[in-house]
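Let's take a walk through this model together. Have the structure open and turn it as you read.

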Amino acid sequence: MNTQTDIAIADRQLGGTLMELRNITLRFGGVEAIKNISFDIREGEIRAIIGPNGAGKSSMLNVISGFYVPQEGEVWFRGERRGPVKPYEVARLGIARTFQNIALFDGMSVLDNIMTGRLHRMKAGFLSQALWWGPAEREEIENRAQVERIIDFLEIQNIRKTPVGRLPYGLKKRVELARALAAEPQLLLLDEPMAGMNVEEKEDMSRFVLDVNDEFGTTIALIEHDMGVVMDLSDRVVVMDYGRKIGDGSPDEVRNNQEVIDAYLGVAHD
Amino acid sequence: MDQLVFAAEVFMNGLMTGVMYALVALGFVLIFKASGVFNYAQGVLALFAALTLVGIQQGQVPFAHLINSIFGTHLEYFGWTVPVVLAILLAGAVMVLLAFLVEKLVLQHLVGQEPIILFMATIGLAYFLEGLGDVMWGADIKNLDVGLPQGISESIESVSANWFGYGFFIDRLDIWAAIIAALLVTALVAFAQYTKQGRAMRAVADDHQAALSVGISLRFIWVMVWSIAGFVALVAGIMWGTKSGVQFSLSLIALKALPVLMLGGFTSIPGAIAGGLIIGVGEKMFEFFIGPMIGGATENWFAYVLALLFLVFRPQGLFGERIIERV
């Protein structure tokens, strides 16, 4: 399995730059969570952001998804500089995300949760939606079909009607991924998609992440703690420590970077 | 037999009163579902809507007293009357504007605060609106007539007189209120279940962050929900105003909506209806059968005692979402 994915990654051609972060600095009061960090995300790649606890990884993801507005620096998306945008506007631009502490609609069924991912794609007027006629009906059917494809893809057919609040942790994570995918994002942000999972669940999730990237061509930026997983999955890795960037490159380059070894791997390894 | 027929009439009247309660309770449920806020101002919203409707319809000059006392003028009426349909549309527009202002001036500044803070804000809003209504349209009791039929329904009286030998007394206004409430509820349920905005509304109610991450604008949803609540308040205001005149005690009907909500559950639209009907019928029947034994006037407290019992034995109400606490 490992060798296969390694070959697959080595063979891949990375596309042009999809997102570029230039000299981002983010402060909370007097604390600098992110210090002057720049990196890019290329089309079609799986980009990992790693680092010890409190390194500023989640803050970085929140900057990309518009939940935090950095005090300094520029965010470029699809070759255009992004102004100060609200999180919901970012979502409409084609950037979907999941959360470290799952944020799902607990009161709704799995199906309804995933459907919310497509809300901003629906155009029919609400009168025709409420009365279920003409374009609204066609739209609903199309959207449902797409959602069903994603449900099949993530193998959650048997829980479609279950209220999300009743699901175990691992499945909730998967539903959250499904909702993000339903938006057909260009860029998918995953905040610790495998945190708190057992080995089997981690393998499943890794497979899904690779398949999403492969089949839908979705660019993925993810934060992950499990080093083995990160090295297997990602094309390129950004390493953060205390809000600074201390490494950037392919998994092999990062693995051999002395500063990274000192800050992170050195502690975790052997 | 006589007793039974009479009880049936009381039952019917209870149902009709219940519809009125349900109308007010609906507004509460809508806002509670969408923002987790118990909107204390809902009753005042109904009053304000009714005042505005009467004012527009009769061509009253808004803030007449204020203007007169500052400029020494004697304005009171523009001297025209506005057709009913247009007046209702204009009053609806005022409610939408109000929703927008509430979001802009109050809610926006309280994002992410505890529900109790938001609740306190709606109490403030209630008194502000009551004062505003007073200053804008004056404090006197007004007649509201939007052309809804009133008075005893002769057809029901004669039919029931034929069947039971006793003519039921049912106000035609109550029948219309029931029909309009049914239409309103059907429309609201269809809206919440099947439309994109309805789904977004439920999503916002559940989790703000998650809603943002799928591209839902909280501001838009809040303005929308308060507009709908304003519209429901307008309908409730029209019904109550037609029945008993537009007066400031109208805002007190909000209090009766509380036990209705405890019965039906704060999160359920069908619950608000069922709760309203149960309270309406319950208090009338209780007054009819038990009232004479204990000295009457039970309608004042019956609803609250029933609500208290529900709080003890079934705090989520009849239809509310189960409160599941995972440890």
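Start with B:Ala25. Setting aside neighbours within four places in sequence, B:Ala25 is in contact with B:Ala257, B:Val260, B:Leu261, B:Gly264, B:Ala272, B:Gly275 and B:Gly276. Keep in mind that you're looking at a predicted model.

B:Ala25 also turns up in the largest nonpolar core, a set of 161 residues. Along with B:Ala22, B:Leu23, B:Ala50, B:Ile216 and B:Val225, B:Ala25 ranks among the residues with the most contacts inside that core. Which helix puts the largest share into this core? That would be H10(B), with 17 residues.

Now step back and take in chain B as a whole. Chain B has 13 helices and 0 strands, so if you read along the sequence you get α-α-α-α-α-α-α-α-α-α-α-α-α. How does its radius of gyration compare with the globule rule? The radius is 21 Å, and the rule gives 20 Å for 327 residues, so chain B is as compact as a globular protein of that length. Along its principal axes, the C-alpha trace spans about 65 × 60 × 40 Å. Of the 327 residues in the chain, 43% count as buried. As for contacts in chain B with a separation of 6 or more, 73% of them come from residues 24 or more positions apart.

Back to H10(B), this time for its packing. A general word first: two packed helices are described by the angle between their axes and the distance between the axes. Helix H8 of chain B (residues 196-206) and helix H10 of chain B (residues 218-244) have axes that come within 10 Å and cross at roughly 105°. Angles of 65 to 115 degrees count as roughly perpendicular, and that makes H8(B) roughly perpendicular to H10(B). On the H8(B) side you'll find B:Gln197, B:Ala200, B:Met201 and B:Val204, which meet B:Leu218, B:Ile221, B:Met224 and B:Val225 in H10(B). By class, this contact has 7 nonpolar residues, 1 polar and no charged. And you've already met B:Val225 as one of the residues with the most contacts inside the largest nonpolar core.

H8(B) also has a part in the contact between the chains. That contact takes 22 residues from chain B and 26 residues from chain A. On the chain B side, the elements giving two or more residues are helix H7 (172-194), H8 and helix H9 (208-213). Of these, H8(B) supplies the largest share, 7 residues. Sort the chain B side by class and you get 10 nonpolar, 6 polar and 6 charged residues.

A few single residues are worth a click before you close the viewer. In chain A, A:Asp214 sits in helix H8 (residues 199-216). Its 13 C-beta neighbours inside 10 Å make A:Asp214 partly exposed. A:Asp214 and A:Gly44 are 170 residues apart in sequence, yet 8.4 Å apart in space, C-alpha to C-alpha.

Next, look at two backbone angles. A:Glu184 isn't a glycine, but has a positive phi of about 45°. A:Glu184 lies in the chain A loop between helix H7 (169-182) and strand E7 (187-191), and is partly exposed, with 16 other C-beta atoms within 10 Å. In chain B, B:Ala297 has a positive phi of about 55°, and isn't a glycine either. Look for B:Ala297 in the loop between helix H12 (269-289) and helix H13 (302-313) of chain B. Is B:Ala297 buried or exposed? With 10 C-beta neighbours inside 10 Å, B:Ala297 counts as exposed.

Methods:
Residues numbered from 1 in each chain as written. Chains lettered and ligands numbered in written order. Predicted model: local features only at pLDDT ≥ 70, side-chain atom pairs only at ≥ 80, totals over all residues. Axes fitted to C-alpha atoms, helices over the stretch in contact; angles between N-to-C directions. Helix = DSSP H or I, 4+ residues; strand = E, 2+ residues; numbered from the N terminus. Parallel < 35°, antiparallel > 145°, perpendicular 65-115°, else oblique. Contact = placed C-beta atoms within 7 Å. Nonpolar A, V, L, I, M, F, W, Y, C, P; charged D, E, K, R; others polar. Core = buried A, V, L, I, M, F, W, Y, C linked by C-beta atoms within 7 Å. Buried ≥ 20, exposed ≤ 12 C-beta atoms within 10 Å, placed from the backbone. Rg over C-alpha atoms; globule rule 2.2 N^0.38 Å.
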